[in-house]
Amino acid sequence: MESFEPYEEFKPIPLPVLIIAVALALWGVFTLLDNGKAVTVGRAERSDQIADQHANRQNGAELFVSRCATCHQPNGSGVEGAIPPLASSPFLKASPEVAMHILLNGIDGPIRVGDATFEGHMPSFASVLSDADIVRLVTHVRGTFADRHDLLTEGDVATARLLAGRRGAWQGGQEIAARLDASLGPQPPMSSATQAAIDPIAQKLVSQGNGQTWACASCHGMRGQGSASVPRLAGLPAAYIAKQLGDYVTGKRRNETMQLVARTLKPQDMRRIGDYYSVMRAPSNARASLGGDLVRGERLVLDGDWARGLPSCVSCHGPSTFGVAPSFPALSAQHPEYTAAQLTAWVSGTRDNSTGRLMNGIAARLNDADRRAVADYLATLPPVPAPATRGRTNGK
C-alpha cells in the first residue's frame, strides 16, 4: 500500500469537470421533476377522459330516463294538469331547433299541448348536458314521441349555446312560436298574475307582517322562493303550511325565529298564508350546492333503496315530487341546504311532526352522503306549477 508522501500536493478537481458534474446533477433533478409533473398531468388528463367517457356514454333513451322521465314520466304521458305529455306534442313535431332551444334555456310560462294549457316550469339543461347529449336526447324524444327524424348536429347546438346565455327562460309557448316556429299554432300569452284573486289580508301579512314581528317575505322572498337555508314556500299545499305554523306554536316543530313569528298569528291568518303561497308562482332559484352524488340522489328519490328499508320519495310526495296535499309537501326545487338540514332534524328529534313519525325512520336510514345526494338532486327539479293555471283549456 502506497504511503502518503509529505511532498505530494493536493490536486483540486479541474473547474471544467466540476461545472459538468454540477450541470449533470441539475439536469437530473429537473428531469425527475418534469417527469413527475408529466405523470401528474397525464393522470389528471386520463381522469378527465374517463369522466367524459362516463358522462357521454348514455344514449338518447338513457338520457331521457335520467333527465326527463322524472317529470314527463317514462312513457311520456306527463302528469295531468301539471306536466305536459310528450306524445304528439307540437313542440316535438316542430323543427328540432325548438326542442334544442327549450333544453338550453328552459320555459317559464304557459304552453298549450293539445287542448290543455300547462304552466311551464322547465329548467335549463345547458350546464348539465353536452352538445352531443342534446343531439342524442332531441333525436330520441322526437323520434319516439312525435315520429320526427330530421336531425340536429353538434355544431347546431354549439351555435345555439352561444346565444342561450344572453337570454333567460322562454316566456311560455307564445314567445317560442313567435321566435322559433310558427307551426306551433296559437299559444297562451304570458300573464303577470299568479292567481285569479289575491287575498289582501294574506298579501299584507306576507309583505308587511302584522306589526308584531317580521313579514314572511323578509326571509322567504316576495314570491316565496326562499334561499339557502330558508325554504321555498311557493307551491306547497295550503293545509301543510298552516299545519307547520301551528306546530311551531305547540313546539312540535322547533325553530326560534319561526316560533316567534307563528305565535303572533291567528289560526285564520295561518290558513290565509297557506292559501296565498299554495298558488304562488315563482321560478326555481335552487342549485345543487352540497357536492352530493346526483346519480345516487336520483335513485333514492325515484326508486328508494329497499335493501336498507328506504322507500322512494315519490311514493309519498307524488309524481315529480310535486307534493300530495295535505300531508306531503312538494320537494322539487327546494334549497338543498334546507332539505339536508331538515333530514338531519328528523334524526336528532328537533323536528318530530310528520304523520305517523314516518320521516323519523326514513331520515335515520340515510347517511350524510345520502342526505346530500337527495337534497342536491331535488334542487335540480323544476318547481311545482301554479294550480290556478293547471288544466285550463282554450286559454281560460
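**Cavities, cores and a wrapped helix**

The second largest cavity comes in at a volume of about 40 Å³. This is a predicted model, and the values here are all computed from it. Seven names make a handy guide to the walls of this second largest cavity: Arg232, Ala234, Leu236, Ala330, Ser332, Gln334 and Val384. Sorted by type, the lining of the second largest cavity has 4 nonpolar residues, 2 polar and 1 charged. The structure holds 2 cavities of 30 Å³ or more, and the largest cavity takes in about 50 Å³ of space. Around the largest cavity sit Leu205, Gly209, Asn210, Thr213, Trp214, Ala215, Cys216, Val261, Thr264, Leu265 and Ile273. That lining splits into 7 nonpolar and 4 polar residues, with no charged ones.

For the overall picture, the protein chain has 18 helices and 2 strands. Of its 396 residues, 45% count as buried. Among contacts in the chain with a separation of 6 or more, 68% are between residues 24 or more positions apart.

Next come the nonpolar cores. The largest one has 29 residues, and Leu245, Ile273 and Tyr277 have the most contacts inside it. Two or more residues of this core come from each of α9 (200-207), α11 (238-250), α12 (256-262) and α13 (267-278). The top contributor is α11, which gives 5 residues. This core also draws on both domains, with at least three residues from each of domain 1 (60-190) and domain 2 (191-396). Ile273 shows what the packing looks like: setting aside neighbours within four places in sequence, Ile273 is in contact with Leu205, Cys216, Ile241, Leu245 and Leu265. A second, separate core has 23 residues, including Leu86, Leu103, Leu104 and Val135.

Leu205 is worth a look of its own, as one of the residues lining the largest cavity. Leu205 lies in helix α9. With a relative accessible area of 8%, Leu205 falls under the 20% mark and so counts as buried. Beyond residues up to four places away in sequence, Leu205 touches Asn210, Ala215, Cys216, Leu265, Asp269 and Ile273. Leu205 and Met270 are 65 residues apart in sequence, yet 9.7 Å separates them in space, C-alpha to C-alpha.

Helix α5 tells another story about burial. This helix (residues 96-105) has 9 of its 10 residues buried, so it is largely enclosed by the rest of the structure. The buried residues are Pro96, Val98, Ala99, Met100, His101, Ile102, Leu103, Leu104 and Asn105. Two of these names, Leu103 and Leu104, also turn up in the second core. The cover over the buried residues of α5 includes helices α4 (90-93), α6 (131-145), α7 (154-164) and α8 (172-179), along with strands β1 (107-113) and β2 (116-122). Right after α5 comes Gly106, whose phi is positive, near 80°.

A few spots in the backbone stand out. Most residues other than glycine have a negative phi, and most peptide bonds are trans. Gln73 has a positive phi of about 75° even though it is not a glycine, and Ser88 likewise has a positive phi, of about 60°, without being a glycine. Gln73 is found in the loop between α3 (69-72) and α4, and Ser88 is found in the loop between α3 and α4 too. Their surroundings can be told apart by accessible area: Gln73 is buried, at 19% relative accessible area, whereas Ser88 is partly exposed, at 46%. Elsewhere, the peptide bond from Ala325 to Pro326 is cis, with omega near 0°. Pro326 has its place in the loop between α15 (314-317) and α16 (336-348).

Last is Ser289, another loop residue. Ser289 lies between α13 and α14 (294-302). Its relative accessible area is 42%, which makes Ser289 partly exposed. Leaving out neighbours within four places in sequence, Ser289 is in contact with Pro336, Glu337 and Asp376. Ser289 and Ala379 are 90 residues apart in sequence but 8.7 Å apart in space, C-alpha to C-alpha.

Notes. Residues numbered from 1 in each chain as written. Predicted model: local features only at pLDDT ≥ 70, side-chain atom pairs only at ≥ 80, totals over all residues. Heavy atoms only, no water. 1 Å grid on protein atoms, 1.4 Å probe; cavity = no way out; pocket = protein on both sides within 12 Å on 5 of 7 lines; lining within 4 Å. Points joined across faces, edges and corners; volume = space filled by probe spheres on them. Nonpolar A, V, L, I, M, F, W, Y, C, P; charged D, E, K, R; others polar. Core = buried A, V, L, I, M, F, W, Y, C linked by side-chain atoms within 4.5 Å. Buried < 20%, exposed > 50% of the residue type's maximum accessible area, 1.4 Å probe, protein only. Helix = DSSP H or I, 4+ residues; strand = E, 2+ residues; numbered from the N terminus. Domains from an automatic or database assignment. Contact = heavy atoms within 4.5 Å.
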